[in-house]
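This briefing goes through a single protein chain for a reader who will want to know where the model can be relied on. It takes up confidence, one helix, a set of salt bridges and one strand residue in turn.

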Amino acid sequence: MFSSVLFRRLFLPYLMLIVGATAAVGILGARRLRESYLESRRQGLRDDARLISETIAPLLAEPATREAMAVDAAPLEAAASANLQKRAGQLGETLKCRVTIIRADGKVLADNEADPAGMELHDQRPEIVEARDHGDGAAVRRSATLNVDLLYVAHRAIIRGQTCYVRLAVPLGDLNESLRVLYWGLIASGGAAIAGSGLIAFFVARRSTRPMVELTRFADDLSKADLSKVQFQPSGLTEDWGEVGTLSTALNKMARSLSGMIAQINKDRAELLTILASMSEGVIATDNEQRILLVNEAAGTLLGFEPSAAIGKWLYEVVLNDKILKSAAEAQRAAERRQFQVGPVQARHLEVTITTFPSSGPAEGLIVVTHDTTQSVRYQELRKEFVANVSHELRTPLTVIKGFVETLQDGALADPERAARYLGTIERHTNQLTNLVNDLLEISKLESQPDVPRRSSVDLGQTLRRAVELLTPAAQARQQTLVVQAPAHLPHVVGNTDYLDRAINNLIDNAIKYTPEGGRVSASARFEDDQVIVEVSDNGLGIPEEDLPRIFERFYRVDRSRSREMGGTGLGLSIVKHIAQSHGGSIDVTSTVGEGSTFRLSFPAKPTL
């Protein structure tokens, strides 16, 4: 489209200029040609008139006397005889023109195309008047005798002392026909000149538009930031294309420079996006009107929006927290940094930092950084809960111990029966405190050490059989059935023997404690999917479904009073969970109230070499 418009703008003016110049030259040339042709024809007729005057001289009669010549020029009139008329006819036929011989007083003596007797006096004809004054005269006018346009040429001749005029005339139609032939030749020459010049102009315009079209396409690519194609430069571009070549060379240099700059910008942007994508903190950048320029995935996750659709939107369209929006407006207005806590947002607690950065316009752009503090808040809550639970667990036995000690000091020590019963209660609660402290130390050790100490190859089947053998008396005391199923050649696991013993013992001991008398407890081990799985099942009280997600939390008890009566600290299952995780394993539970529970420990089997 552009090339055709540019071509027309260059070619059409050239063509119009050529046509106009050729037409002007043609018209001028035609006029000059007509004038030159007429002048040549006049000159020819003058020459012919002079020759005719010499030719007809013998035919004119001798003058009688000077007096007669002066009176009325009668001798010349007498000379106008039939021979003169005949001679005029012969000359007119030979010269292809009208021949008229006129006496000095204007009387026509001979004419080859009309009867002289019927012709009026010609002394006032323009050509005769001019010839009378200058010797020769010419005029273009309409003949009164023939009623046609003629070119007249008259010559004054003095023959034997008498003045007469020889006038020749040719029709303008014949002249125009001759000129028409010349005009057509001139038109043909002009047309050929226009065609040739137009062809040259066509190639010149085409050659001129070609680099402009290429430069236009190149500039269009620049406007679209498409610098993959560099303007092609043939040899001799600057010399052949002049200023266009110089411009093309300059644009190429600019394109290469821009290409390098854009490549560096893209590289920096890619690095920035990579850094933002790898950040756990959410980052949102806006312009001075709070329109989002940049956002990472973490921001969308923390604030609950789709990052890919947020670019170009207003901040209030994607961030729906009033506190964040209000603080952003205040920070932008005051051009200062704001930091605050919000939550829960999308079930998360966030720490938000808003800072400004220079941007176009009267206001500054914003950087909104959100940090997920949910885990920290959760840890604080767990710490508070842990302190409260520990205080509660310690206070109960200490209160009991203190009470019975005071009772003994008040005199109960003198009563052997009461003293023995009170001392037994004090001993039981002291043991509970000891177990609690030991369990707390055990959990602290498991949480603080990065790896399991003293690793070795452990046969969980043998560990399971050993735990069942150790706890069989406790099951028998409650008239329970305790069975074990473990293959002899179970794959080993890598871990700490004491920890694994403790985990399995805790599970079997809990099953015995929370299974009514006469119940059944079974322990089994098997190899499945590269895992060694230990299961402890009972048909006891079961665990309500709402308590299952929290059963492995520290100090969490389904039935607190029953747990304390049995000497539980509320830390056993939490210790088992930590032991399983420190060995790269896991623990889960399935339970139905009134039907029993099944605890399942899974450990990765030791690779076979």
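Is Arg338 buried, partly exposed or exposed, judged by its relative accessible area? Arg338 is partly exposed, because its relative accessible area of 22% lies between the 20% limit for buried residues and the 50% limit for exposed ones. The model is predicted, and the points below should be read with its confidence values in mind.

**Confidence**

- The protein chain has a mean pLDDT of 78, and 81% of its residues reach 70 or more.
- Over residues 62-76 the pLDDT falls below 50, although this stretch has 21 contacts in the model beyond near neighbours in sequence.
- Residues 234-239 also have a pLDDT below 50, and for this stretch the model shows eight contacts beyond near neighbours in sequence.

**Helix α4**

- Helix α4 covers residues 82-95, a run of 14 residues, and its first and last C-alpha atoms are 20 Å apart, which is close to the 20 Å expected at 1.5 Å a residue.
- The buried residues in α4 are Leu84, Ala88, Leu91 and Gly92; seen down the axis of α4, the buried residues fall within an arc of 100°, and they therefore line one face of the helix.
- On the face of α4 turned away from that buried side are the exposed residues Ala82, Asn83, Lys86, Glu93 and Thr94.
- Just after α4, Lys96 adopts a positive phi of about 60°.

**Salt bridges**

- The search of the whole structure gives 18 salt bridges, and among them is the one between the side chains of Glu127 and Arg167, at 2.9 Å from N to O.
- This pair links distant parts of the chain, since Glu127 belongs to helix α5 (residues 126-134) and Arg167 to strand β5 (residues 162-171), with their positions 40 residues apart in sequence.
- Glu127 counts as buried because its relative accessibility is 0%, and Arg167 likewise counts as buried because its relative accessibility is 2%.
- Arg338 forms a salt bridge with Glu330, in which the closest N and O atoms are 2.7 Å apart; Glu330, with a relative accessible area of 25%, is partly exposed.
- A salt bridge of 3.1 Å, N to O, brings together the side chains of Lys513 and Asp509, both of which lie in helix α15 (residues 497-513), four residues apart, or about one turn of the helix.
- Lys513 counts as partly exposed at 22% relative accessibility, and Asp509 is partly exposed with a relative accessible area of 22%.
- Arg526, Glu528, Glu535, Asp588 and Arg600 are joined into one network by salt bridges that share partners.

**Glu535 in its surroundings**

- Glu535, a member of that network, is found in strand β15, which runs over residues 531-538.
- With a relative accessible area of 15%, Glu535 is buried, because that value falls under the 20% limit.
- The side chains of Glu535 and Arg526 are joined by a polar contact of 3.2 Å.
- Leaving aside residues up to four places away in sequence, Glu535 touches Ser522, Ala523, Ser524, Arg526, Thr598, Phe599 and Arg600; two of these, Arg526 and Arg600, also belong to the salt-bridge network.

Technical notes:
Residues numbered from 1 in each chain as written. Predicted model: local features only at pLDDT ≥ 70, side-chain atom pairs only at ≥ 80, totals over all residues. Heavy atoms only, no water. pLDDT = per-residue confidence, 0-100. Contact = heavy atoms within 4.5 Å. Helix = DSSP H or I, 4+ residues; strand = E, 2+ residues; numbered from the N terminus. Buried < 20%, exposed > 50% of the residue type's maximum accessible area, 1.4 Å probe, protein only. Polar contact = N/O pair within 3.5 Å; in protein donor to acceptor, adjacent residues only side chain to side chain. Expected span 1.5 Å × (residues − 1). Arc of directions from axis to C-beta. Salt bridge = Lys/Arg side-chain N within 4 Å of Asp/Glu carboxyl O.
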